[in-house]
Amino acid sequence: MEKRKTVHTDVLVIGGGGAGFRAAIGAREKGVQVMLISKGPLGRCGATPMAGADYTLDGKSMSTIDGLVGDPNDSKEKVFNDIVTQGCYLNNQKLVEQYIDRAPHCLKELMDWGMKIKMSDERMVFTSGTGMMNVLLRKAKNMGVDLVEDVAILELMTKDDTITGALGLEIKTGEFIVFRCKSVVMATGGWHKAFWPNTGMRDLSGEGIAMAHRAGADIGNMEFITFCCNVFYTPPMWRGSIAPYILSLICGGKLTNNKNEDVLKEYDPVLVDKGTQTEWNKSFLSHVTTKQAREGNAFEHGGLHYSRGDASWELMEMVASLVFPDWKYKALDLTEWSRMLRDNIPVEVGPAVEYFEGGIVVNEKFESSIRGLYAAGECALGVFGANRVFAAITEIFVQGADAGMNAGDYALSNSVAEANLNTITDICDQMVKPLTVQNGTNPVALRKKIQLSAHQHLGPIRNEQELVLFIKMLEKIKKEDLPNLSTESKSRIYNKEWLDALELGNMVHLLESSARSALARTESRGVHYREDFPHTDNDTWLKESIVTNKPEGLSISHRPLTITGMSPFPGRTPYLDFIKQMMEAHSETGGKH
Ligand SMILES: Cc1cc2nc3c(=O)[nH]c(=O)nc-3n(C[C@H](O)[C@H](O)[C@H](O)COP(=O)(O)OP(=O)(O)OC[C@H]3O[C@@H](n4cnc5c(N)ncnc54)[C@H](O)[C@@H]3O)c2cc1C
């Protein structure tokens with residue numbers, strides 16, 4: 001039998017990004033024992049430190065906070081209107097209200113804890129992801145949260161639909177750890193690693209959503225995936241960096257195809273204005289670029305050329321000095337790119353996966369359908385519906401705070417449920433298989449194949465034929481490759497190849513959930529565009545997709561929307577006309593959101 005140690009706590013927080021840290025602080029405020037587990041290094045893993053980062057809230061509340069701009073004519077009602085229309089009505093409106101109501105308090109709190117602000121506008125505060133993580137790390141340490149890094153949680157333990165704990169792997173020793181606890185907050189973020197190129201870190205492979213699903217929680221709206229536009233496609237060192245996205249959003253620039261055509265010329269001016277000058281740009285420009293590529297108009301690496309065009313070089317220099325001083329950004333030296341921009345020499349850019357609108361189904365207390373299991377941040381379903389424009393950074397704080405507090409309350413009134421340790425033994429035996437199988441499927445090569453195929457078939461533009469092919473490929477991988485994974489190194493100590501093998505099943509599970517949901521949704525809405533169903537269909541498709549994990553396989557169903565204040569209008573509308581209507585429905589408050 002596998003050797004393993006057992007660790008006890010009251011609330012186990014899985015995930016060391018912004019949502020996880022804020023949840024741990026929220027639970028600890030209730031006076032219970034809290035342990036936060038992070039797969040990567042504390043404060044430097046997940047998407048949060050990668051973010052620019054903007055925090056959005058209503059401008060009126062913001063204008064009352066010392067030192068911030070904020071538009072006093074903005075209101076919570078206007079923000080509600082804007083988030084719901086940006087989400088093409090698929091948002092859970094209770095969670096939108098929670099986001100808006102809690103945002104000012106959570107921002108003030110962060111500032112009181114020492115978070116530095118770089119600048120602010122009508123309804124957005126610009127700070128830095130690493131700065132945020134430093135503040136959270138200090139606060140959590142001071143409050144006595146037990147912080148554990150380099151441990152990957154592999155499976156949740158439940159009995160009678162109630163949390164009993166979780167099984168983890170200590171990456172540096174290769175030993176299993178059983179965590180026994182009263183409640184769990186899942187805060188594992190997105191699953192960027194299932195795609196290439198991507199903009200995320202290598203630790204985001206979706207185990208959190210997949211293990212919650214395996215444990216019996218429903219997941220939903222998995223077909224909605226935001227691709228960041230204008231991401232570097234080449235050179236390889238820069239591939240995946242969002243630096244051109246940031247500069248193009250603030251300063252403008254030009255996108256041309258391999259025929260040297262300005263690709264935006266054929267579009268309605270409203271779409272082009274809002275779709276380049278606000279954060280609608282992610283969905284709109286990713287759609288435009290992918291369409292060009294599918295029509296054979298892309299360059300060598302599948303992207304378009306981005307150059308300065310008529311945009312001012314002085315403005316670009318000024319913005320760069322704020323966002324990436326000395327043209328250094330997230331460990332990349334972009335000096336060469338600054339010269340290219342100045343001389344109007346293009347770089348190849350395109351869409352790369354950045355954010356997942358879908359996730360674990362939760363109610364307004366962030367409870368899942370499993371007793372004692374909560375979820376917050378990017379791994380939870382709800383706020384942004386079919387398309388995110390407002391900040392995900394706000395989401396992680398407002399949801400993390402409430403999920404943590406509620407998980408803390410749960411721990412105060414419940415004891416640790418009895419666990420079935422026999423199933424743990426079976427799971428551990430399964431997990432070590434790649435270390436014992438000889439000459440099987442190489443996990444790294446398989447991951448690369450899956451990533452490229454996911455980008456191609458589950459990108460911003462989909463159709464039935466490609467989705468069916470992709471699902472067949474995943475089914476074959478599940479049957480033939482996953483049971484036969486075999487690492488070259490058989491050591492358990494810091495074996496990243498083994499970790500790759502353990503992550504793969506989760507990525508395949510989520511890709512299949514997403515592809516099946518995309519296949520079932522025979523319409524186009526938000527970031528989900530179907531070439532073969534190019535209308536947004538409010539008569540048939542105003543519903544959330546739910547994926548249920550049944551013994552015979554994944555099953556897709558749909559549930560009614562959660563509406564509190566804003567009812568959608570009926571009718572079928574061509575995709576881009578609908579997007580234009582949603583852009584025009586925006587309140588008069590300015591800014592990028
Ligand atoms: C490059 C980039 C830039 C972005 N910029 C912005 C921006 O400017 N503004 C904005 O609003 N949004 C932005 N986003 C989105 C936003 O940053 C994320 O949605 C948000 O940070 C997610 O936070 P989270 O806490 O939910 O997850 P993350 O910050 O991703 O944290 C997830 C954590 O879970 C851990 N984890 C994963 N699996 C396991 C496991 N099995 N066991 C243990 N731990 C695990 C990871 O190690 C990590 O610590 C950006 C995203 C990217 C990728």
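User: In H1, which residues are buried, and what makes a residue buried rather than exposed?

Analyst: In this predicted model, the buried residues of H1 are Gly-18, Ala-19, Gly-20, Phe-21, Arg-22, Ala-23, Ala-24, Ile-25, Gly-26, Ala-27 and Arg-28. A residue is called buried if 20 or more other C-beta atoms lie within 10 Å of its own. Each residue named here is classed as buried, so each one meets that cut-off.

User: Why is H1 called largely enclosed?

Analyst: Of the 11 residues of H1, 11 are buried, and therefore the helix is largely enclosed by the rest of the structure.

User: What covers the buried residues of H1?

Analyst: The cover includes strand E2 (11–14), E3, helix H5 (129–143), strand E11 (183–186) and H12.

User: Which elements supply at least two residues of the shell around the ligand?

Analyst: Helix H1 (18–28) is one of them, and the others include strand E3 (34–38) and helix H12 (392–413). The shell holds 40 residues, of which Gly-15, Gly-17, Gly-46, Gly-189 and Gly-377 come nearest to the ligand.

User: Why do the glycines of the shell count as polar?

Analyst: The classification places Gly among the polar residues, so Gly-15 and the other nearest glycines belong to that class. By class, the shell has 18 nonpolar, 16 polar and 6 charged residues.

User: Which residues have the most contacts inside the largest nonpolar core?

Analyst: They are Val-13, Val-184, Val-185, Met-186, Ile-360 and Ala-375, in a core of 174 residues.

User: With which residues is Val-185 in contact, leaving aside its neighbours within four places in sequence?

Analyst: Among them are Val-11, Val-13, Ala-23, Tyr-374 and Ala-403. Two residues are in contact if their C-beta atoms lie within 7 Å, so each of these partners of Val-185 satisfies that limit.

User: Why are E24 and strand E25 called a pair?

Analyst: Pairing requires at least two bridges, and 8 bridges join E24 (residues 543–550) to E25 (residues 553–560), so the two strands pair. They run antiparallel, and a hairpin of 2 residues connects them. One of the bridges links Asn-549 with Leu-554.

User: What makes strand E12 a partner of E24?

Analyst: E12 (residues 219–220) is joined to E24 by 2 bridges in the antiparallel sense, which means that the requirement of at least two is met. Gly-220 has Ile-546 as its bridge partner.

User: How many residues of domain 1 and domain 2 are in contact?

Analyst: On the side of domain 1 there are 11 residues, and these touch 13 residues of domain 2. The 11 divide into 5 nonpolar, 4 polar and 2 charged.

Key. Residues are numbered from 1 along each chain as its sequence is written. This is a predicted model: local features need pLDDT of at least 70, side-chain atom pairs count only at pLDDT 80 or more; totals for chains, interfaces and linings use all residues. A residue is near a molecule or strand if its C-beta atom, placed from the backbone, lies within 6 Å of it. Helices (H or I, at least four residues) and strands (E, at least two) are DSSP runs, numbered from the N terminus. A residue is buried if 20 or more other C-beta atoms lie within 10 Å of its own, exposed if 12 or fewer, and partly exposed in between; C-beta atoms are placed from the backbone. A nonpolar core is a set of buried Ala, Val, Leu, Ile, Met, Phe, Trp, Tyr and Cys residues joined through C-beta atoms within 7 Å.
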